Amino acid sequence: MTNEASQVSSVPVQARSIKDFLNPSVRDIKPSGIRRFFDLVSTRKDVITLGVGEPDFVTPWHVREAAVMSLERGKTQYTSNAGMPELRDAIGAYLDNSFQVEYNPADEILVTVGGSEAIDLALRALISPGDEILIPEPCYISYSPITVLSGGVSVGIETFAKDQFKLTAESLKKSITPKSKVLILCYPSNPTGGIMTYEDWLPIAKVVEENDLIVISDEIYAELTYGSKHVSFAAIPGMKDRTILVSGFAKAFAMTGWRIGYACGHPEIISAMLKIHQYTVMCAPVMSQYAALEALTNGLEEKDKMIESYNQRRRLVVQGFREIGLQCHEPQGAFYAFPSIASTGLTSEQFAQRLLEEANVAAVPGDVFGLGGEGHLRCSYATSVASLTEAIERIGNFVHKLK
């Protein structure tokens, strides 16, 4: 070994901190605003929680039994990467019958680990570094972080209570640049409960086509509408091949913990998503797939009963907020109310924090949902009528004291 080589090898390497090993995109993303807030809830007693977006119903027994029977029959091996053929057949038939959208189960439907994985797969399959992803806000909190993790740029489009939180063609046009590639839609909306009608979709579809966009349509709350039937964006003329329809079983079938969802779309896009899916999770859990198949086959009547109950609670909560003196857009879908707390003079974070500390009611500050969320509070009414009634009374007393 030469003296020069010996000198080079003897120079100590500057040790990096553990933080320096992390991907900067991951390191710099903020933790979930919802989970951060509810970590506080776990430390308190007698709290009424209106925050977690989860049905209070237990998955129906016959659905649970289908999973148990699959275990007893030894159905514990991998399924096809895309999901069991019989489940994909059932999903295709359900979407056709319910929302008049036809998909070929063989190459246009992918069963995923919840709707969340479907969104992640879609974005990773579509995004190249620097692509702009258009996201109407307030919205589900995961869209923007997943976009960033995939190398894209999140572009928020603010929606307003005066428009019933609908996306307008005008606001969409203003947000489009030469780098725009994907539009993410979530209707019925989490957190606002807003919906879009066929007439609402037509001008949006025109802008999408004129600007050559791909759409990811998160329709996880499609079954939860009140007064008007859900209209899938994929059902709008000319939009099916431009749309990746994402949905699942968590909300309408009370199956959040089963982690079972699906994506439907053009065969080339689904094929690209499938490649990522097979290298990361292989396939969705087989027991959950059997449960989902049972839900679609024999669980529609129970689903409808749960929706009737949500509708009763929806009316109770909206009326309660208005009687308190808080303006509240009437949600037409999902199971959330999004009242304005601007009249109290507090920020969303201040209101939610004090409401928890002084009234033992937990709700999510609206600002965590992006543009247009500040000045609002997300309250899930997927809990018992008794709890909702008590929560409204506590909130009313809290607001009265503020005055």
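Author: Contact, in what follows, means heavy atoms within 4.5 Å, and on that footing His62, Val63, Ala66, Ala67, Ser70 and Leu71 of α5 meet Met287, Tyr290, Ala291, Glu294, Ala295 and Asn298 of α12. The model is a predicted one.

Reader: What makes α5 and α12 oblique to each other?

Author: The axes of helix α5 (residues 61-72) and helix α12 (residues 286-298) come within 8 Å and cross at roughly 140°. An angle has to be over 145 degrees to count as roughly antiparallel, and 65 to 115 is the range for roughly perpendicular; the pair fits neither class, and therefore α5 and α12 are called oblique. Their crossing is also right-handed.

Reader: How do the residues of the contact of α5 with α12 divide by class?

Author: Eight of these residues are nonpolar, three are polar and one is charged. Glu counts as charged, and Glu294 of α12 takes part in the contact.

Reader: Why is α7 called oblique to α11?

Author: The axes of α7 and helix α11 (residues 267-280) lie 9 Å apart, and the two helices pack at an angle of about 120°. Since 115 is the upper limit for roughly perpendicular and only angles over 145 are roughly antiparallel, this value leaves α7 oblique to α11. In passing α11, α7 makes a right-handed crossing.

Reader: Which residues of α7 and α11 meet?

Author: From α7 come Glu117, Ala118, Leu121, Ala122, Arg124 and Ala125, and from α11 come Ala272, Met273, Ile276, His277 and Thr280. Seven of the residues in this contact are nonpolar, while two are polar and two are charged. Both Glu and Arg belong to the charged class, as Glu117 and Arg124 of α7 illustrate.

Reader: How do you know what to call the arrangement of α13 and α15?

Author: Helix α13 (residues 300-324) and helix α15 (residues 385-402) have axes that come within 10 Å and cross at roughly 10°. Angles under 35 degrees count as roughly parallel, which makes α13 roughly parallel to α15. On the α13 side the contact is made by Gln312, Arg313, Leu316, Val317, Gly320, Phe321 and Ile324, and on the α15 side by Val385, Leu388, Thr389, Ile392, Ile395, Gly396 and Val399. Nine of the residues in this contact are nonpolar, four are polar and one is charged; glycine is placed among the polar residues, and Gly320 and Gly396 are both part of the contact.

Reader: What makes an empty space a cavity and not a pocket?

Author: A 1.4 Å probe fits into a cavity but cannot get out, whereas a pocket is an open set of points. By this rule the model has three cavities of 30 Å³ or more, and the largest cavity has a volume of about 90 Å³. Of the 15 residues lining that cavity, Pro136, Pro138, Cys186, Tyr187 and Ser189 are the closest to its centre, and β3 and β5 are the elements that give two or more residues to the lining. By class, the lining of the largest cavity has 10 nonpolar, four polar and one charged residues.

Reader: Where does proline 138 lie, and which kind of peptide bond joins glutamate 137 to it?

Author: Proline 138 lies in the loop between β3 (132-137) and α8, and the bond between glutamate 137 and proline 138 is a cis peptide bond, with omega at about 5°. A cis peptide bond also joins tyrosine 187 and proline 188, where omega is about -5°; proline 188 is in the loop between β5 (180-186) and α10 (198-210).

Reader: How many residues line the largest pocket, and which of them lie nearest its centre?

Author: The lining has 48 residues, with Ser32, Ile34, Tyr140, Ile141 and Ser142 nearest the centre, and the largest pocket holds about 1400 Å³ of space. Two or more residues of the lining come from each of α3 (24-28), α4 (33-41), α7 (114-126), α8 (143-149) and β7 (243-248). The lining of the largest pocket divides into 23 nonpolar, 14 polar and 11 charged residues.

Reader: Which element gives the most to the lining of the second largest pocket?

Author: That element is α13, with five residues. The second largest pocket contains about 230 Å³ of space and is lined by 16 residues, of which Ala222, Glu223, Thr225, Lys229 and Ile307 lie nearest its centre.

Notes. Residues numbered from 1 in each chain as written. Predicted model: local features only at pLDDT ≥ 70, side-chain atom pairs only at ≥ 80, totals over all residues. Heavy atoms only, no water. Axes fitted to C-alpha atoms, helices over the stretch in contact; angles between N-to-C directions. Helix = DSSP H or I, 4+ residues; strand = E, 2+ residues; numbered from the N terminus. 1 Å grid on protein atoms, 1.4 Å probe; cavity = no way out; pocket = protein on both sides within 12 Å on 5 of 7 lines; lining within 4 Å. Points joined across faces, edges and corners; volume = space filled by probe spheres on them. Left-handed = near helix turned anticlockwise from the far one by under 90°.
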